[in-house]
Amino acid sequence: MAVDLNLLPVFLAVAEQGSFTGAATRLGMPSSNVSRAIRQLETQTGCRLIERTTRRMRLTAQGQQLYQCAGKTDSMLRETFSQIRNDDVLTGCFRLTVPGEGCGEMLAPVLARFAALHPDLQIRCDTRLTPADIISDDIDLLLTYQRGEMADSSYHSRLIQS
């Protein structure tokens, strides 16, 4: 059974508005197109989804089941699209380790501005001189005082000031 999923938003609008006319207004389309879409969906699903009279309409048991499932799916997809569409929003946890001696005062204004720009991002700052293990401690950024080459060449390091 092939079902045109483009018909589902029309079905959801009819179910939520409680009328074909209300759905047509909400969707900005003629009522005849809404009726046609519902007939097509019923044909494709092989069952009646809406009981209609001249005065009112109501969802059948199958229509109610479709409405509940399609509504949840529609909501989840809208939320997902909203999340992936906004590339500027940082979420999750940003972990950094900085030396306690004077570095906190130097970074505090920078971190405050960064936190204000990304309110959905949790920032965890550790002031140990060096973490036990950068990888297993899941550190995103490590600022450290270092003389000479780093012992582990798999780390990416950059000289900030000499």
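Helices here are DSSP runs of H or I with at least four residues, strands are E runs of at least two, and both are numbered from the N terminus. You're looking at a predicted model, where local features need pLDDT of at least 70, side-chain atom pairs count only at pLDDT 80 or more, and totals for chains, interfaces and linings use all residues. Residues are numbered from 1 along each chain as its sequence is written, and side-chain values use heavy atoms, leaving out hydrogens and water.

Start with the whole protein chain in cartoon: 5 helices and 5 strands, running α-α-α-β-β-α-β-α-β-β from the N terminus.

Now select residues 31-45, helix H3. Its end C-alpha atoms sit 21 Å apart, which agrees with the 21 Å that 15 residues should span at 1.5 Å a residue (the expected span takes one less than the number of residues). Next, show the side chains of Val34, Ala37, Ile38, Leu41 and Glu42: these are buried, meaning under 20% relative accessible area with a 1.4 Å probe, protein chains only. Look down the axis of H3 and its buried residues fall within an arc of 135°, so they line one face; the arc uses directions from the axis to the C-beta atoms. An α-helix has 3.6 residues a turn, so residues three or four places apart point the same way.

What covers that face? Add helix H1 (8-17), helix H2 (20-27), strand E1 (50-52) and helix H4 (61-85), which are among the elements covering the buried residues of H3.

Step just past H3 to glycine 46, where phi is positive, near 75°.

Last stop: leucine 77, in helix H4. At 42% relative accessibility, leucine 77 counts as partly exposed, the class between buried and exposed (over 50%).

Terms used:
Contact means heavy atoms within 4.5 Å.
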